[in-house]
Amino acid sequence: MTNIPDVPRAPDAPRPPEVPTTQEHRFPCDTCGGDMRFDPGDDRLVCDHCGHLEPLTPRTDAIAEIAIARGLDAGTAPQEETRVADCPNCGARFEFDPAIHAAECPFCATLVVTDTGTDRHIKPAGLVPFQLEQAQAKDAMKRWLGSLWFAPNGLTKYVRDGGRLKGMYVPFWTFDAQTDTAYTGMRGDTYFVTQTVIRDGKPVTVQVPKIRWTPRRGRVRRFFDDVLILASPSLPKSHTDALQPWDLSGLTPYAPQYLAGFRAEAYRVELSDGLEEAKQKMREVITRDVRMDIGGDQQQITGMQTRMSDVTFKHILLPIWIAAYKYRGRSFRFVVNGQTGRVQGERPYSAWKIAFAVIAALILAGIAAFLYAGAQGGFDIGGAGGGFGVPGGDRIVVRDVGGLGPANAPSWLDD
Ligand SMILES: [Zn+2]
Ligand SMILES: [Zn+2]
């Protein structure tokens, strides 16, 4: 029992000597010493204190796919170590700057006051740098909220003030694989038989559909490129799915400069679990391929055996802007795709606003009824020169004054 394999993050696993030093993604400005941050949309760092710019040398080397065996056999894929904090509320594990002693969890807005230690993990191979500035993300969020009715005032104000939108890199796995699937199944072809039935006491001929089943066997092959798997449970899948599509042609080889001014979340879905999820996704596609291959009007698949080869993976980071806030003890989130600006969010409803809207609608209906009664009596609300006059008894115009549409009007018009 001396040869316990080295599993990353097992709490008491002995650390091998070659552990890299803890990454700190801080880049002091040459001019003033302040922290520089990555400037979205441009390949450079910017200093907000003095305006100093520092171009990044774009890297053109291809992002290496890593053979899956190297990833599963922990320790042989390139590793890195970062200082992290675990959120006591939602469990998110994110980078923690030891210089700042407290931080709000980006995913649920809970205050996290201690760094939990270090997290040793497979190093990201690439990332999609932020394209969207914080201001653009704020605008996207405002537009989203503007389209919502009945949001509580607190929320409206929160969004107007910028809602402490944070830039986060979220961890993903991507998998490539060559697949070769042998299948057996049945192909169903529809045909019609002519039958004579008795209807209303008379014989009638009808066409009855039947299915002819014939056994099939065959092979389908497919190469999967970059099957994308979210490597963290911090955000509901519905959120991250809604942020798709990602343009992975925007992937850049990983360099810590891109993280300057942003946070990065550590993966919590292990590579092996990510691979299982990817296989599930591939299986769905292969099943469709098999159905196509069988053809006919209906298909039954009785057996499918897939051989995967050349399986490789990458650990990548994708950019999102996120604002988490608490409303009456519940956490809500907005997320904005940091590459495309696509927005997804959860929001509470204000019971008060809904109640007021109902009351307002009733008052409007009341006013309309009053105006109509006035018009019936020759009461002029607009004046002759206003262009909006309601000559006595003009029923059509009265209907427009209330703005309530015909649904509310008929009982008044028909008297
Ligand atoms: Zn500076
Ligand atoms: Zn949290």
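Two strands count as paired here if DSSP finds at least two bridges between them. With that in hand, I looked up β12 in this predicted model, and I found that 27 bridges join β12 to strand β13 (residues 202-230), the two running antiparallel.

**Entry: the partners of β12.** Within the pairing with β13, I noted that threonine 174 stands opposite leucine 228. Where the two strands form a hairpin, 2 residues lie between them, and aspartate 200 takes a positive phi near 50° there. I then turned to β16 (residues 298-327), which is antiparallel to β12 (residues 166-199) and is joined to it by 22 bridges; in this pairing glycine 188 stands opposite glutamine 298. I also found a parallel pairing of β12, made over 2 bridges with strand β15 (residues 263-264), in which tyrosine 169 stands opposite alanine 264.

**Entry: the chain overall.** I counted 8 helices and 18 strands in the secondary structure of the chain. Of its 415 residues, 28% are buried. I also looked up how far apart in sequence the contacting residues are, and among contacts with a separation of 6 or more, 70% are between residues 24 or more positions apart.

**Entry: a sheet of 3 strands.** I followed an open sheet whose order is β2-β3-β4, with antiparallel pairing. Because β2 (36-38) and β4 (53-55) stand at the edges with a single partner strand each, one side of each is left without a neighbour in the sheet. From one strand to the next the twist averages 25°. I found 3 bridges in the antiparallel pairing of β3 (residues 44-47) with β4, and I noted that valine 46 has leucine 53 of β4 as its bridge partner.

**Entry: the nonpolar cores.** I asked myself which residues touch the most other members of the largest nonpolar core. In this core of 64 residues, they are Tyr169, Leu318, Ile320 and Val336. The strand that gives the most to this core is β16, with 11 residues. Both domain 1 (22-176 + 223-275 + 312-349) and domain 2 (177-222 + 276-311) give residues to this core, so it lies between them. Looking at leucine 318 by itself, and leaving out residues up to four places away in sequence, I found that it touches Val128, Tyr169, Val170, Phe172 and Trp246. I recorded a second, separate core of 5 residues as well, with Tyr183, Val220, Ile286 and Ile294 among them.

**Entry: backbone exceptions.** Before listing these, I reminded myself that most residues other than glycine have a negative phi, and that most peptide bonds are trans. I found a cis peptide bond between glutamine 244 and proline 245, with omega about 5°; proline 245 lies in the loop between α4 (237-242) and β14 (252-253).

Two further positive phi values went into my notes. Alanine 109 has a phi near 65° and lies in the loop between β8 (103-104) and β9 (111-112), whereas aspartate 226, with a phi of about 55°, has its place in strand β13.

I then asked whether alanine 109 is buried or partly exposed. A residue is buried if 20 or more other C-beta atoms lie within 10 Å of its own, and alanine 109, which has 19 within 10 Å, is therefore partly exposed. Aspartate 226 also counts as partly exposed, with 17 C-beta neighbours inside 10 Å.

How values were computed. Residues are numbered from 1 along each chain as its sequence is written. Chains are lettered from A and ligands numbered from 1 in the order in which they are written. This is a predicted model: local features need pLDDT of at least 70, side-chain atom pairs count only at pLDDT 80 or more; totals for chains, interfaces and linings use all residues. Helices (H or I, at least four residues) and strands (E, at least two) are DSSP runs, numbered from the N terminus. A residue is buried if 20 or more other C-beta atoms lie within 10 Å of its own, exposed if 12 or fewer, and partly exposed in between; C-beta atoms are placed from the backbone. Two residues are in contact if their C-beta atoms, placed from the backbone, lie within 7 Å. Axes are lines fitted to C-alpha atoms, for helices over the stretch in contact, and angles run from 0 to 180 degrees between N-to-C directions. A nonpolar core is a set of buried Ala, Val, Leu, Ile, Met, Phe, Trp, Tyr and Cys residues joined through C-beta atoms within 7 Å. Domain bounds come from an automatic or database domain assignment.
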